[in-house]
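Reader: I'm new to this one and would like to be walked through it slowly. Could you put it up first, and then explain any term before you lean on it?

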Amino acid sequence: LPIPNITMNDGKQIPQLGLGVFLVEPGETERIVTEALEVGYRHIDTARIYDNEAEVGAAIAKSGIPREELFITTKLWNSDQEDPHGAFNASMDRLGLETVDLYLVHWPIPEFGTALGAWKGLIEIAETGRATSIGVSNFEIPHLQQLLDETGVVPAINQIELHPLNQRRALREFCREHGIAIEAWGPLAQGKSDLFERPEIVAAAATHGKSPAQVILRWHLQHDTIIFPKTTRRERMIENADILDFDLSAAEMAAIDGLDEQHNFGPDPSTFNRR
Ligand code: NAD
């Protein structure tokens with residue numbers, strides 16, 4: 001089944017399902033991305049800080065898949081917010097690509113006070129055409145509001161921690177109102193919770209003959225969220241993409257909506273300040 005696209009506010013399309021490579025060892029990344037491309041993935045989410053851009057690029061180059069069929073995201077790391085052009089060029093050199101489909105400011109780091117300048121840099125990079133779309137990650141409403149007020153350029157994407165235990169309703173509503181598409185990181189809560197055993201998830205899985213992971217990922221798709229669950233195992237890559245042939249009912253969606261505990265497993269974006 002074809003993976004659906006989401007149209008972003010710049011008119012470009014992004015595949016709603018991909019593979020994330022956070023915590024994928026550099027030595028394993030080329031094999032894993034190669035396998036993902038073999039089983040049909042066309043969207044890869046990496047970042048400078050994941051230290052595997054070169055290996056992602058190597059897998060792309062060896063795949064022979066036409067560049068225009070792929071959607072590749074990377075991100076500006078925190079310590080590079082004052083040099084977005086230099087950091088972008090270095091990422092592109094490692095990836096071995098002429099263009100990237102999406103470039104994100106990775107964290108807002110309000111304490112640094114440099115995210116606005118970084119965003120202005122991304123706007124210039126987009127004007128060169130080397131980043132086809134630009135956006136942000138881990139931005140809360142005030143951080144987004146500053147970019148809107150100061151530049152008028154609305155990010156195409158906000159990539160945030162989002163899963164049934166942390167549903168980010170106010171932020172999602174703000175993004176919807178402003179036409180900012182949402183990407184979920186940690187769509188499976190990073191495997192750090194009992195989410196897979198919750199009765200609401202288990203019941204829907206039994207009804208549809210799917211796994212708990214597939215139910216959770218399907219819930220994201222039906223909320224128009226873009227996802228790139230991480231796995232290093234080929235069979236799970238196939239499992240995580242095999243979510244296009246069923247629909248959760250309104251009652252099942254509502255039951256999973258009811259699991260929100262506003263619990264984040266990752267850092268608080270308002271105070272996270274790692275360089
Ligand atoms: P995730 O929710 O995708 O969880 C990954 C873990 O879930 C795996 O390690 C595995 O243990 C488990 N898993 C995967 N498929 C499974 C299956 N079918 N059945 C059972 N368990 C399964 O967490 P993530 O990797 O943190 O998030 C996905 C991607 O989001 C990352 O790889 C990265 O690209 C991105 N990300 C971005 C940020 C950011 O700050 N922007 C932060 C974290 C992650």
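Author: Let me begin with one term: a residue counts as buried when its relative accessible area is under 20%, as exposed when that value is over 50%, and as partly exposed in between. Please also keep in mind that what you see is a predicted model.

Reader: Okay, so is Leu 95 buried or exposed, and why?

Author: Leu 95 counts as buried because its relative accessibility is 2%, and the cut-off for that word is under 20%. You will find Leu 95 in helix H3, which covers residues 84-95.

Reader: And how far is Leu 95 from Leu 162?

Author: Their C-alpha atoms are separated by 27 Å, while along the chain the two residues are 67 positions apart. Leu 162 itself lies in the loop between strand E8 (157-161) and helix H6 (169-178), and at 1% relative accessibility Leu 162 counts as buried.

Reader: How far from Leu 162 is Arg 233?

Author: Between the C-alpha atoms of Leu 162 and Arg 233 there are 22 Å, and the pair is 71 residues apart along the chain. Arg 233 also has a contact worth looking at, since its backbone nitrogen lies 3.1 Å from a polar side-chain atom of Thr 231.

Reader: Where is Thr 231, then?

Author: Thr 231 is placed in the loop between strand E10 (226-227) and H9, and with a relative accessible area of 7% Thr 231 is buried.

Reader: Switching to the ligand now, where does it sit?

Author: The ligand sits in the largest pocket. Around the ligand there are 24 residues, of which Asp 45, Ser 137, Leu 188, Gln 190 and Asn 240 come nearest.

Reader: What kinds of residues make up that shell?

Author: The shell around the ligand divides into 12 nonpolar residues, eight polar ones and four charged ones. Helix H9, residues 234-241, gives the most to this shell, with three residues.

Reader: Which side-chain atom lies 2.8 Å from a nitrogen atom of the ligand?

Author: That is an N or O atom in the side chain of Ser 137. Another nitrogen contact involves Tyr 50, where a polar side-chain atom lies 3.3 Å from a nitrogen atom of the ligand. On the oxygen side, an N or O atom in the side chain of Asn 138 is 2.9 Å from an oxygen atom of the ligand. As for cover, the ligand has 830 Å² of accessible area on its own, and the protein covers 89% of that.

Reader: You listed Gln 190 by the ligand, so what is its phi?

Author: Gln 190 has a positive phi of about 60 degrees, although it is not a glycine. That deserves a remark because most residues other than glycine have a negative phi. Gln 190 is in the loop between strand E9 (181-185) and helix H7 (199-208), and at 32% relative accessibility Gln 190 counts as partly exposed.

Reader: What about the phi of Ile 109?

Author: Ile 109 has a phi near 40 degrees, again a positive value in a residue other than glycine. Ile 109 is found in the loop between strand E6 (100-105) and H4, and its relative accessible area of 0% makes Ile 109 buried.

Reader: Since H4 came up, where in the structure is Ala 126, and is it buried or partly exposed?

Author: Ala 126 lies in helix H4, residues 115-128, and with a relative accessible area of 24% Ala 126 is partly exposed. Its C-alpha atom is separated by 8.8 Å from that of Tyr 103, a residue 23 positions away along the chain.

Reader: One last spot: where is Asn 78?

Author: Asn 78 is found in the loop between strand E5 (71-76) and H3, and at 2% relative accessibility Asn 78 counts as buried. Measuring C-alpha to C-alpha, Asn 78 and Ala 241 are 31 Å apart in space, with their positions 163 residues apart in sequence.

Terms used. Residues numbered from 1 in each chain as written. Predicted model: local features only at pLDDT ≥ 70, side-chain atom pairs only at ≥ 80, totals over all residues. Heavy atoms only, no water. Near = heavy atom within 4 Å. Polar contact = N/O pair within 3.5 Å; in protein donor to acceptor, adjacent residues only side chain to side chain. Areas by Shrake-Rupley, 256 points an atom, 1.4 Å probe, with all protein chains shown as cover. 1 Å grid on protein atoms, 1.4 Å probe; cavity = no way out; pocket = protein on both sides within 12 Å on 5 of 7 lines; lining within 4 Å. Sits in = over half its atoms within 2 Å of the grid points. Helix = DSSP H or I, 4+ residues; strand = E, 2+ residues; numbered from the N terminus. Nonpolar A, V, L, I, M, F, W, Y, C, P; charged D, E, K, R; others polar. Buried < 20%, exposed > 50% of the residue type's maximum accessible area, 1.4 Å probe, protein only.
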